[in-house]
Every structure is written in C-alpha cells, then in structure tokens.
Amino acid sequence: DRAKEIIWELYSQFPFVGHERCLAVQLAALLTVFAVGILPTTATRPGFIYIANDSDAGKTMLAKSAITPVTGEISERAFPRAEETRKALDQLAVDGVPVVLFDNVKGKLGGEEIEAFMTSTRRSGRIIGEGGGFNVPNVTTCFFTGNDFEVTRDMCQRCLFVELFIAEIDSSQRSFKRIITEELLADVSFRNEICSALWTMVKYWDGQGRPRARTIMPKCPQWSAVIGGIVEAVGFGDCCAKPEIAS
C-alpha cells in the first residue's frame, strides 16, 4: 500500500487525460526501466509517447521521472532528421544505451528506420568511417515528447501514450504542492524511495504467482504479459488499454 501511495503522490498533480490509463502507462514506463532484466532477451519493448496541448504541461519532466530515478542520468536529444535517423539509431545500439529520450518531436514521428528499431532485438550495420560491421543486442527503450505532433499508424502499434491537457489560459498560474525538478529526480533518497516502491511491486507480483496482463500488445507480447501484469497486479489498471487521444 505504501508503494502505491508513493507513485500516486508523485504523479497526482499531472493533468492526465484519462487518469487511470495514463497513470498505468507511467508506472509501466518506470517498471520497464527498472525491471527490464526480468524480461527475456528476445522480448521487444514499446516506446512511450508523451503529448500535450501546451509546452508547460510537464510532459518532459514526466518522461524524465520514469527514467532518472532508476538510471541516475538520462540520454536526452532531439529526434534526428530523416537522413540521419539510421546513423543515430545505429550509434545507440553500438553504445548499448538503455534508455533514450527524444524531446520535443516536431512534425511526424515514424518511418521505416525508427519503426524497425522499435521491434528489433538485435541491430546490425556499419558505422561510417570505421572498418568492419557490427551485430549487437538492441537494448534501448525509447521515450518521445512533443506537442500535437503526428504519429504514424505503425508507430502507434509500437508505443504507449500519455496525454496531458491543461485548461488554464496562462499555464504559469498553476500551483503545485510538490514541484518535480531535475535536482529532486537525481536526489539519492528520492531515488531510493521510488526504486524501493518498484521493487515492492515486482515482489508482490511474484508472490501472487506472476499473473499475466489482460491485454497483450501484439508488437510486444512478452513485455505486456510481464510488465502489464505487474501494473495490473498492484491495482493500477490496464496500461495497454486503447487510448482515446483528443488530438
């Protein structure tokens, strides 16, 4: 119960659209970063897309809060231009980057390079300027943020959505009981609290006989069965439920 309270308190002030589903997806994102080691090495992982109607809705900080408490740091970058996508994704695979945040995506998110990357468990190719090729495990989980950008149908099948909406005309007038900052996310005691909550949830799921999720994501069946199963087991709903995106 205390583990659930910690997660609830952390995210209670974010203006989720469809609070139950979005909170379930956010917990799934946290657990993906924290508990990826319990998945088979052949398991594909979804991406996580954060969209909002305003630049001050908190989508980037929300994405970071799913990553930094576990990793302690974050690989944050702009989404590469079309002609550079393959090179950028190859470098992520070669470097073994566990999590990457593509912040403030513009235009359309999709295309054969990123879509193939999302559902491949290995990555092969050749680094320009270096001799020989590479064939390495693809261990990178991708996070994306943006305001009202377009997502291709194939990318939608590979990702889970968190949608934020703020109704205030002047978003700077919003008040918060607890402000989430970069410093808070990197604080050791805060990270200990979040990781302890996640560990408790994994242990609870294990003690319940490792129940599978009710909804299996076709592109990520093993991930959804396990991570989705944990999210449901601790009472946060179906993270793979179909979103109703207002935009």
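**Cysteines and a sheet**

Q: Why is cysteine 22 not bonded to the closest cysteine sulfur?
A: In this predicted model, that closest sulfur belongs to cysteine 239 and lies 12 Å from the sulfur of cysteine 22, which is too far for a bond.

Q: Is cysteine 22 buried or exposed?
A: Cysteine 22 counts as buried, because its relative accessibility is 0%.

Q: OK, and what about cysteine 239, which cysteine sulfur is nearest to that one?
A: The nearest is the sulfur of cysteine 240, at 3.9 Å, and cysteine 239 is in no disulfide. A disulfide needs the two sulfur atoms within 2.5 Å, so a distance of 3.9 Å does not qualify.

Q: Buried or exposed, cysteine 239?
A: Cysteine 239 counts as buried, because its relative accessibility is 1%.

Q: How many disulfides turn up in the whole structure?
A: A search of the whole structure gives zero.

Q: Switching to the sheet. How many strands form it, and in what order?
A: Five strands form an open sheet, in the order 2-3-7-1-9. Their pairing is parallel.

Q: Which are the edge strands?
A: Strand 2, residues 75-77, and strand 9, residues 159-164. Each of them pairs on one side only.

Q: What is the average twist from one strand to the next?
A: The average is 20 degrees.

Q: What holds paired strands together in general?
A: Strands of a sheet pair through backbone hydrogen bonds, parallel or antiparallel.

Q: Back to this one: how many bridges join strand 1 to strand 7?
A: Five bridges join strand 1, residues 47-52, to strand 7, residues 141-147. These two strands run parallel.

Q: Which residue in strand 7 is the bridge partner of alanine 52?
A: Asparagine 147 is the partner of alanine 52.

Note on methods:
Residues are numbered from 1 along each chain as its sequence is written. This is a predicted model: local features need pLDDT of at least 70, side-chain atom pairs count only at pLDDT 80 or more; totals for chains, interfaces and linings use all residues. Side-chain values use heavy atoms; hydrogens and water are left out. Two strands pair if DSSP finds at least two bridges between them. Helices (H or I, at least four residues) and strands (E, at least two) are DSSP runs, numbered from the N terminus. Axes are lines fitted to C-alpha atoms, for helices over the stretch in contact, and angles run from 0 to 180 degrees between N-to-C directions. Buried means under 20% relative accessible area, exposed over 50%, partly exposed in between (1.4 Å probe, protein chains only).
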